[in-house]
Structures are given as structure tokens and as C-alpha cells.
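Please work through the following exercises with the sequence and the three-dimensional structure open beside you. Each task is followed by a solution that proceeds step by step.

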Amino acid sequence: MLTSSFLTQGPEVKLFESALQEFTGAEFAVAVNSATSALHIACLALGVEPGDHVWTSAISFVASANAAKYCGAEVDFVDIDSETFNMCPLALESKLVEARDSEKPLPKVVIPVAMAGQSPEMLEIRKLSKEFGFKVLEDASHALGARYRSNQVGSCEFSDVVVFSFHPVKMITTGEGGACLTRSAEIAERLRRLRSHGITRDPSQMSIANPEPWYYEQLELGFNYRITDFQCALGRSQLQRLDEFVRERNRLAALYSSSLLFDWLLLPKVRHERLSSFHLFIVRFDETAPLTRNEAAQKMRSRGLAVNLHYIPIYRQPYYEMSGQFDPSSFPNSERYYSAALTLPLYPGMDESVIRDVHEVLAS
Ligand SMILES: *Cc1c(COP(=O)(O)O)cnc(C)c1O
């Protein structure tokens, strides 16, 4: 370690990255200190610059949109599918067609989000990316261990870059952490450089020939987004338990679904050819429910059940709202979701009595 250069990441970082590559099937993994950092440098590596346009899903954590803002881009949102809560490919298509026909700017990058651990309709989104010329950056912060068609989420079959989060509440943790997966050597190299101040030690990229061994060059403005060796050692041992975590979450989700049989309660639907990682278990209350979502949430909280709402539509956040750009009525599915959705407790090792308690509140 003492002889390695100060720009080099420790051996555990490489090992963790190799484990992520092997697990997902993508050629390159670049581990960083958070998924937010990963999304930021992924946007930069995909060429997002001031004045560019980036579209993401209206229902996500704010980081999915903020990443584009860090690059000086304009952000717009696409409405969700009312069954999967993922970016609706039909809504995306009609927004693209409308932009093209009215000669409004098309997005340089689109960021679909694997809500709750279920892959978006990547095949359809990839088709649109080819037709309309945007890059696909998949925010799979929820979905490590999930599958789509014949691949792991993260394989990058239909995405230019896929991002994972290793925050403590996500599928595996490194304390804080994130990673970018890609099939492009060029993108991976740019990500590595941006992770560490924009500096390179690769002589082939330098402005002088035969540099001294201590010589390095900063080629662009990068960041310190490095993850530590300690964190990656934890990540690697966590990754070995991922299958167990996914199985356990799916088992608890199936228990919820077989226990919460109320005709006014909509249960999560996992589409054909997908395995959800079930990072979140989200139900929705329809208009005929004997208690409102808010009443149910209050009752559950008072019984110590940690229910939550993932997420408030990003366009409703004051920071985004103040632009005056977004009309909630253009996102009808997101608005309905916001008024009706509730995330129930779900984590590996959760006692099944939690499910009975939730049932009891809903049945009362
Ligand atoms: C958690 C999360 C992030 C941010 O992850 P960090 O590792 O905390 O930066 C981004 N997008 C989504 C969808 C998330 O759930």
C-alpha cells in the first residue's frame, strides 16, 4: 500500500468492482462514495453540459434529477406507469414526439428508475433512445439483485450506464456508497478520472512524452468521489449475501400479498420476465377504501409500524416547483400515486408479526 501512488484506489476497491462486474455481467464497474456521486459523474461521462436537457421519472428520490442539475442541465419529468410506478414508456414516447413536432429540445440523457426494485421497461426505452438519439442512464439504486428478461439488472444490455446505491437502507450497504456499471471502456475511463479530480496517470493521455514516474496531469475538473477500501471490503461480503436478501424480501412480499386481500387495496405487481429485489413494498388505497391512506398511515405509526411514502413527486419539491415549469396535471398517474401510495415495512429478518399488525390495522 505504501508504495502505491496516492491516486490509486486500494486493492479492495478493485476486488469489489470485479465482484460487481461478475455479478451483473457488465464489463466495467466504477465504485464511488454514493449513488448521488455515481449519477453525477455518469451524467458528465454521457456528455451532459449546461443547457442540455435530461428527463427522469416523476416519482423518484430527488437525486435522480439533481444529478443533471449539477451539470447545469435542464430537468424535465416523465409520468409513471400506474401499475409499476416506473417511467411509462408510452408517456415517454408521446413527450418525445411532442418535443420533436414542436421543435422543442430533446433530452440528451433519460434516467429511468427501477422503483421499489422492479426494472423499468428497458427494451422499449432502448428503442426510443435509438429513434430519438438520447443516452440511457438507469438509476437502479433500489434494484441490485433484481432481474430483467434473461439478465441481472446492471448488465447494461439496454442502458449506457446503470447506477446502484449502497446506502444502509438499500439492497446491500457499504455504509455510504454507489457504483456505475457500463459496457463502454471509454465511459468507464472517464468515470474513473472524474471520481478522482479529473487526474490521469496514463502516459498515453498526457501532453508530454516519457513522463517521470511521479508525473500526473489533470485533464478536466473532477471530484473526490472515492470510496474507501474498508467500505469495499464490507460491500464484497454483503454482495455474497445478496441472493439471500433478495429471497427473504420476496418471501416477505409474498406473505404480505397473500395476507392483505382487501378489494380496495392495490398490491404491487411484478411484470412478466422480471424478478423484483423488493427494496420497497408499496400498496395503494383506492377510493372505496374504508379508511384513507393518511388515516391508515397514522394508525400504523401509532402502533410503531414504520410506514413511509416513496416518493413525493420531484416536480412538487419547492426547489423544482419555483421554476414554474411544471404543471402537476401533466403527471396524472404520479399525482394519483402521491395521494394513494404507502410503503409498508420490509427488510430481511423482519418478524412476520409486522405483517399481522399491518393486516389488523387495515381490517379494523
Ligand atoms: C437512494 C437513492 C439514490 C441516492 O443514493 P445515495 O447512495 O444515498 O446517494 C438515488 N436514487 C434513488 C432512486 C435512490 O433510492
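**Exercise 1.** In this predicted model, determine which strands helix H3 lies across, and at what angle the helix runs to E3.

*Solution.* Begin with the helix, which spans residues 63–70, and look for the strands that it crosses: these are E2 (53–57), E3, E4 (109–111) and E5 (135–139). Next, compare directions, and H3 is found to run at about 155° to E3.

**Exercise 2.** Work out the strand order of the open seven-stranded sheet, and explain why one side of E1 and of E3 is left without a neighbour.

*Solution.* Tracing the sheet from one end gives the order E1-E9-E8-E5-E4-E2-E3, and the pairing along it is mixed. Strand E1 (28–32) and strand E3 (74–78) stand at the edges with a single partner strand each, so one side of either strand has no neighbour in the sheet. Between neighbouring strands of this sheet the turn is 20° on average, with direction ignored. To examine one edge in detail, take E1 and its pairing with E9 (residues 178–182), which is antiparallel and extends over five bridges; within E9, the residue opposite Phe 28 is Thr 182.

**Exercise 3.** Describe the surroundings of the ligand: which residues come nearest, which classes make up the shell, and how much of the ligand's accessible area the protein covers.

*Solution.* Start with the shell of 16 residues, in which Thr 36, Asp 139, His 142, Ser 165 and Lys 170 come nearest to the ligand. Sorted by class, the shell consists of five nonpolar, nine polar and two charged residues, and helix H2 (35–45) and H3 each contribute at least two residues to it. Then consider individual polar atoms: a polar side-chain atom of His 142 is 2.7 Å from an oxygen atom of the ligand, and one of Ser 165 is 2.8 Å from a ligand oxygen atom. An N or O atom in the side chain of Ser 141 lies 3.4 Å from a nitrogen atom of the ligand. Finally, of the 380 Å² of accessible area that the ligand has on its own, the protein covers 93%.

**Exercise 4.** Identify the edge strands of the three-stranded open sheet, and find the bridge partner of Tyr 148 in E13.

*Solution.* The strand order is E7-E6-E13, with antiparallel pairing, and the edges are formed by E7 (151–152) and E13 (274–275), each of which pairs on one side only. Strand E6 (residues 147–148) joins E13 in the antiparallel sense over two bridges, and there Tyr 148 has Arg 274 as its partner.

**Exercise 5.** Locate the cis peptide bond between His 310 and Tyr 311 and the positive phi of Glu 103.

*Solution.* Recall that most residues other than glycine have a negative phi, and that most peptide bonds are trans. The bond from His 310 to Tyr 311 is cis, with omega near 5°, and Tyr 311 sits in the loop between helix H9 (293–302) and helix H10 (318–321). Glu 103, although not a glycine, has a positive phi of about 55°, and its place is in the loop between helix H4 (89–101) and E4.

Definitions and conventions:
Residues are numbered from 1 along each chain as its sequence is written. This is a predicted model: local features need pLDDT of at least 70, side-chain atom pairs count only at pLDDT 80 or more; totals for chains, interfaces and linings use all residues. Side-chain values use heavy atoms; hydrogens and water are left out. Two strands pair if DSSP finds at least two bridges between them. Helices (H or I, at least four residues) and strands (E, at least two) are DSSP runs, numbered from the N terminus. Axes are lines fitted to C-alpha atoms, for helices over the stretch in contact, and angles run from 0 to 180 degrees between N-to-C directions. Contact means heavy atoms within 4.5 Å. A residue is near a molecule or strand if one of its heavy atoms lies within 4 Å of it. A polar contact is a pair of N or O atoms within 3.5 Å; within protein, one must be able to donate a hydrogen and the other to accept it, and residues adjacent in sequence count only if both atoms are side-chain atoms. Accessible areas come from the Shrake-Rupley method with a 1.4 Å probe; for residues, only the protein chains shown count as cover. Ala, Val, Leu, Ile, Met, Phe, Trp, Tyr, Cys and Pro count as nonpolar, Asp, Glu, Lys and Arg as charged, and the others, Gly among them, as polar.
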